[in-house]
Amino acid sequence: MKQIALLGSTGSIGLSTLDVVRSDPASFQLFALAAHRRVRELASQCHEFHPRYAVIADPSLAGEIDRSLFPQETKLLFGEEGIEQVATDPQVGIVVSAIVGAAGLKGTWAAAQSGKRVALANKESLVVAGALVTNAAKASGGEILPVDSEHSAIFQCLAAGNRHEVARIHLTASGGPFRKSSRAELDKVTVAAALDHPTWKMGPKITIDSATMMNKALEVIEARWLFDASVDELNVVVHPQSIIHSLVEYVDGSILAQLSPPDMRLPIQYALSWPQRKPGFARKMNWFESQTMEFFPPDLDRFPALKLGFEVAAAGGGSGAVLNAANEVAVERFLNNDLKFMEIPQVCGEVLAAHTHSTNPSLSELLALDAWAREETRRWKA
Ligand SMILES: NC(=O)C1=CN([C@@H]2O[C@H](COP(=O)(O)OP(=O)(O)OC[C@H]3O[C@@H](n4cnc5c(N)ncnc54)[C@H](OP(=O)(O)O)[C@@H]3O)[C@@H](O)[C@H]2O)C=CC1
Ligand SMILES: CC(=O)[C@@H](O)[C@H](O)COP(=O)(O)O
Ligand SMILES: [Mn+2]
């Protein structure tokens, strides 16, 4: 029986993870659930799964929680300390890192340092601190298994060959809701249109990232760290159907791909069960239906965010922390109608260009860069 700490249980990945656990109670048990502010949802999850701990990450709620909402056997913890406590508890085998944004880094970091299996959805952890997190996992005997659909696909395709025989890793991108929009149309994009992803139902931040293709930029950086890949090995191909989740091309020209209908329960289940495969309950391909799969090169002029991803993957240092922080604030400002859609990559590019490069930054230096980039982005055109 695997004991799981699920960080971000009330989000889109969190709910899909609960589905996976629900489907196989003989294999998985929830030791801890953690959310930010959605206390009623968290409490109702506790009544179903009876975890030992529930963490409310926003410490300001500690004084005002109605304890009776939660089952008696569940102990309440608060703040980052609570997240760190459950992520490092000796009884926990797997930490599902599914908090959104750089706020997820503390939990990933704690789990990686204490030798856990980290089922990683929170790509921002690697964008901000990829070198530190991957080295911490190596040093502690832990493992980082990708949940992100593209990286799960790559992980599965890499298992079929030798790493040194890989020529290129191709990450697929849906292209988002504005794949066919002109530059003039992109300037007028509304929040509602940007939140309408063509193939995936996800939380708001990653949905906006998909629309700007910043999501693919973050995923290029994530792949750089997860697979120890050079930037030259990484490529992005637009595949609007989101059936092929990524491809690995070997030196002989053979290309392996992982296919499945878009449903995050599959890569989550795989990260929890690996190296085994369990009977799946996510949606399956219907081979009796005609279907088309298309591929296009990405347009870096209309989606300049993607270019930033390749630049940051090549530059390393603190550039990932800066890009990520600028993007988080820019997305929040866009969602509040305080920035235009195309100003998201613009401000990210400007803040990135203004930062001072650092080699091998420590965690506290990365957090300082994160804070600096947030402030710069808040002040931009404010
Ligand atoms: N959704 C998807 O299909 C995919 C998501 N990912 C990645 O997974 C991560 C989660 O995405 P998604 O599930 O869509 O996001 P959601 O917005 O749906 O959920 C976010 C979760 O994080 C919690 N949270 C938010 N802020 C904080 C904070 N400051 N401290 C602690 N917890 C916090 C939320 O709690 P509360 O509800 O209380 O606010 C919620 O549980 C992201 O990094 C995303 O890039 C990767 C691939 C696919
Ligand atoms: C489900 C998942 O992994 C997302 O990261 C997804 O890939 C987003 O779609 P885009 O390809 O549009 O960024
Ligand atoms: Mn993805």
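**Ligand shells, sheet and helix 13 in the predicted model**

The shell around ligand 1 comprises twelve nonpolar, ten polar and six charged residues. The structure described here is a predicted model. Of the 28 residues around this ligand, Gly11, His36, Ala57, Met202 and Gly203 approach nearest. Two helices, helix 1 (12–23) and helix 9 (204–212), each contribute at least two residues to the shell around ligand 1. Helix 1 makes the greatest contribution to that shell, with three residues. Because residues of the shell are drawn both from domain 1 (2–146) and from domain 2 (151–262 + 285–314), ligand 1 lies between the two domains.

A second set of residues encloses ligand 2. Its surroundings consist of Asp148, Ser149, Glu150, Ala173, Ser174, Gly176, Trp200, Ser210, Asn215, Lys216 and Met264. Helix 6 (149–158) and helix 10 (214–226) are the elements that provide two or more residues to this shell. By residue class, the shell around ligand 2 divides into three nonpolar, five polar and three charged residues.

Seven strands form an open sheet in the order 4-3-2-1-5-6-7, and their pairing is parallel. Strand 4 (75–78) and strand 7 (143–146) are the edge strands, each of which pairs on one side only. From one strand to the next, the twist of the sheet averages 25°. In general, the strands of a sheet are paired through backbone hydrogen bonds, in either a parallel or an antiparallel manner. In the present sheet, strand 1 (residues 2–7) and strand 5 (residues 94–97) run parallel and are joined by four bridges. Within this pair of strands, leucine 6 has valine 96 of strand 5 as its bridge partner.

Helix 13 spans residues 319–335 and contains 17 residues. The distance from its first C-alpha to its last is 24 Å, close to the 24 Å expected at 1.5 Å a residue. The helix is mostly covered, with 15 of its 17 residues buried; a residue is counted as buried when 20 or more other C-beta atoms lie within 10 Å of its own. In an α-helix there are 3.6 residues a turn, so residues three or four places apart point the same way. Just after helix 13, asparagine 337 adopts a positive phi of about 55°.

Conventions: Residues numbered from 1 in each chain as written. Chains lettered and ligands numbered in written order. Predicted model: local features only at pLDDT ≥ 70, side-chain atom pairs only at ≥ 80, totals over all residues. Expected span 1.5 Å × (residues − 1). Buried ≥ 20, exposed ≤ 12 C-beta atoms within 10 Å, placed from the backbone. Near = placed C-beta within 6 Å. Nonpolar A, V, L, I, M, F, W, Y, C, P; charged D, E, K, R; others polar. Domains from an automatic or database assignment. Pairing = 2+ DSSP bridges. Axes fitted to C-alpha atoms, helices over the stretch in contact; angles between N-to-C directions.
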